[in-house]
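Here are a few notes from going through the model, set out as numbered points. Have the structure open while you read.

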Amino acid sequence: MMIRIRSRDGLERVSIDNPRATVAALKSGIESQLRVPVQAQILSTNQNLLLAKSQTDLTRFTDMIDPNTALTALNIGHGSIVYLAYEGERTVAGPAFHPSGSFGKKMTMDDLIAKQMRITHQENPHCELVSFDRDAANAFQQYVNESLAFAVKRGGFMYGTVSEEGKVEVDFIYEPPQQGTEENLILLRDLDEENLVEAIALGLGMRKVGFIFTQTVSQDKKDYTMSNSEVLQAVELQAEGDLKEWVTAVVKLEVSEDGSAAVHFEAFQMSDMCVRLFKEGWFERDLKEEIDPKLSRMTKDVVVGGKDTKDVDNDFFMVVVKIVDHQGPLSSTFPIENRIITVTMRALKNHLDRAKNLPFVKRISDFHLLLLLVRFLDVNSDVPALAGCVQTQSIVPEGYQILIESLAAAS
């Protein structure tokens, strides 16, 4: 995961491999990546740390003083900001300086152009096509359409498989805790829950393959495919996903001139150049002024169409992916996590009762049901075993059946 570090030097980023990392691991990462010695660091989730004037003031910030405290216990996850104060000086990494002109090597116009980023359209995606499980896609759009009326944004992570030819199949959509508004989608990611999702996916022979989000009905009147904030969120998640076939899907309600409305799915990959620019820190995150949402602002000039500019049309960053559908191995009839109505064990009982004429493995072949169950199982042994039964559609061991039925009966 990526943690943002705010210090007197500005905003920097530290990568932590282990999502269950402790304060000590974060301090080690800061030492190795930002060159601030561990013993010189004072960390806090309180931004007032940066206003401390004396050593006495600094001692008041104790929330991250215990090196063994897990970051998750402090509500620190991917994208969180941690504040850093330190004594002494350090060398902040910057661009290498190479003299030119009369004091060194002369630079030609070609040399100058070569040193700049040139933004062009990427013709072909790495993903041949994306196929959506019909039930999973319908369960997502139906909630947004009927319950949210496309008034606020909604998002989810897509899970499935990737073939050798680059075909992505989406078999279920996990909807993390989130807060959607008309313009923004804030993912309130729960790392413990995401670990359970990953364990289920692994047992099903699947993996995270993309991100899906909705645009609100008010955005239908805008002249962009994706806004700059949507591009930034999409490329950040694609870079995190580290899958060359990663897909971003957009769901929107298009209203025609006669007043009729239809739900549309579109799929894209963020271009290789877009991912590179994001990883190298070219995207301007803290805009000091309002700009056209169809443009993404860079921190320095890039070359687009032979001209230097900091504002790039978002369409340059999107590569269209063909969409088809299929009927996957899972059902999507169980209530879905992190929505307005909390999922309870009563839902489990109702679900099992409705499907009582089916084989037991069929009755539990629903990702959202499995996500409720795994909270009562061992993530290292029980979850892979149970998900494996669903994957192969084999008989569920009697012990698991008894446990699941007793959980349902106790509701």
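**Notes on salt bridges, a sheet and a helix**

1. Start with E280 and R276: their side chains meet in a salt bridge at 3.1 Å, N to O. The term here stands for a side-chain nitrogen of Lys or Arg within 4 Å of a carboxyl oxygen of Asp or Glu. E280 is partly exposed at 46% relative accessibility, and R276 is also partly exposed, at 42%. (Buried is under 20% relative accessible area, exposed is over 50%, and partly exposed is in between, with a 1.4 Å probe and protein chains only.) Elsewhere, R154, E175 and R339 are joined into one network by salt bridges that share partners.

2. A word on the basis: this is a predicted model, where local features need pLDDT of at least 70 and side-chain atom pairs count only at pLDDT 80 or more, while totals for chains, interfaces and linings use all residues. Numbering runs from 1 along each chain as its sequence is written, and side-chain values use heavy atoms, with hydrogens and water left out.

3. How many salt bridges does a search of the whole structure find? The count is 19. One of them links D57 and R60 at 3.0 Å, N to O. Check the surroundings of this pair: D57 counts as buried at 19% relative accessibility, whereas R60 is exposed at 60%.

4. D325 and R134 also meet through their side chains, at 3.3 Å, N to O. D325 sits in strand β17 (residues 323–326) and R134 in helix α4 (residues 134–147), so this salt bridge ties together parts that are 191 residues apart in sequence. (Helices, H or I with at least four residues, and strands, E with at least two, are DSSP runs numbered from the N terminus.) D325 is partly exposed at 46%, and so is R134, at 39%.

5. Now the open sheet: its three strands run in the order β5-β14-β15, with mixed pairing. (Strands pair if DSSP finds at least two bridges between them.) β5 (118–119) and β15 (307–313) are at the edges with a single partner strand each, so one side of each has no neighbour in the sheet. β14 (residues 295–304) pairs with β15 in the antiparallel sense over six bridges; L295 has D313 in β15 as its bridge partner.

6. Last, helix α11 (residues 382–392): its buried residues are V383, L386, A387, G388, C389 and V390. They pack against α5 (191–203), α9 (360–363), α10 (367–373) and α12 (398–409), with contact meaning heavy atoms within 4.5 Å. Q393 follows α11 and has a positive phi, near 55°.
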